[in-house]
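Thanks for sharing this one with me. Below are a few notes to read alongside the structure, in no strict order of importance.

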Amino acid sequence: MLGCVAAAGNSSSTKTTTGGLPVPYTSPVTPLYHTPSVGTGFIVGYYINPGVTPISQIDFKSLKSAGITDVYVLVKNDNYLPILTETKKKADSVGIKTHAWVFPGFSHASQVAGMKIGVHLDVETYDMPSYISMIKTMRKETRGVTFSLCVKPEGWDDNQYYYMIAPLCDYIVPMLYIGDYPHSINSLKNWAKVYNVLLPGKIVAGLQTYESYQNVTPVSEITLMSEIKAVQPNTRGVILFRYGLSNFNG
């Protein structure tokens, strides 16, 4: 299933963790697993890159039946309107929420908010303070809809200044990709505990569905469910990276 994307298009000071991932699975007929009931309001999101898997080829009924509550769809300035229009129509029909997954430089946040679609800004940087002004502006442009931030995991990957960005968004999505960091399930669980104390109700965990940046073999359903359960007590939800990189056969 899904997770967070590369920081292509950020400033030269920005480094990426998952940039340029190969795409071994492009079939929309990707086996889905059913997430267990985790309580009202718990987000189970999916990142979607329509440049790889067109929205028209995705069965939203299957996503819904698999437990997906939200989709985060990658869009740019020149294609956001047709992609989001199509996505929202299909997602609304089954009760899934739509979010525009964008990078710095996206200039249509207010228009997206006018469509009653959330905005998910991907800011993968080692210089977060330089992005604060932009984040504040986008927050103002998205009043009335969900505004969230995808960022690197503080503590695991330098200081990300969560205390500065937390008041400016509805929730933070750290890229807690244990395949790309020297951490275990226990580290993941402990990270969620700590940051739920520091920032209560502000964390939605970004989880990867493949082994690592160097090895995009999909992880097993058992592995991914273990990660979800590790963070579940201390997060508002999870977002999986990404549709087309999942191939769960056990």
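1. A cut-off to start with: a residue counts as buried when its relative accessible area is under 20%, and as exposed when that value is over 50%. Please also keep in mind that this is a predicted model.

2. With that cut-off in hand, have a look at T142, which is found in the loop between α4 (132-141) and β5 (147-151). Its relative accessibility is 0%, so T142 counts as buried. Which residues does T142 touch, once its neighbours within four places in sequence are left aside? The contacts are A109, A113, V119 and F147.

3. Next, the sheet. Eight strands form an open sheet with parallel pairing, in the order β6-β5-β4-β3-β2-β1-β8-β7. The edges are taken by β6 (171-174) and β7; each has a single partner strand, so one side of each has no neighbour in the sheet. From one strand to the next, the twist averages 25 degrees.

4. For a pair inside that order, try β2 (residues 70-74) and β3 (residues 97-102), which run parallel and are joined by five bridges. If you want a spot to zoom in on, Y72 has H99 in β3 as its bridge partner.

5. Now back to the edge strand β7 (residues 204-208). Is β7 mostly covered or mostly open? It is mostly covered, with five of its five residues buried. In a regular strand, side chains alternate between the two faces of the sheet. Here V204, G206 and Q208 point one way from β7, while A205 and L207 point the other way, and all are buried.

6. The partner of β7 is worth a look too. Strand β8 (residues 237-241) pairs with β7 in the parallel sense over five bridges, and G206 stands opposite I239 in β8. To get from β7 to β8, the chain passes through helix α7 (residues 221-231), and this β-α-β crossover is right-handed.

7. One last residue on that route: V216 lies in the loop between β7 and α7. How is V216 classed, buried or exposed? With a relative accessible area of 14%, V216 is buried, because the cut-off for that class is under 20%. In sequence V216 and G179 are 37 residues apart, and in space they are 9.9 Å apart, C-alpha to C-alpha.

Conventions: Residues numbered from 1 in each chain as written. Predicted model: local features only at pLDDT ≥ 70, side-chain atom pairs only at ≥ 80, totals over all residues. Heavy atoms only, no water. Buried < 20%, exposed > 50% of the residue type's maximum accessible area, 1.4 Å probe, protein only. Helix = DSSP H or I, 4+ residues; strand = E, 2+ residues; numbered from the N terminus. Pairing = 2+ DSSP bridges. Right-handed = clockwise from strand over helix to strand, strands pointing away. Contact = heavy atoms within 4.5 Å. Axes fitted to C-alpha atoms, helices over the stretch in contact; angles between N-to-C directions.
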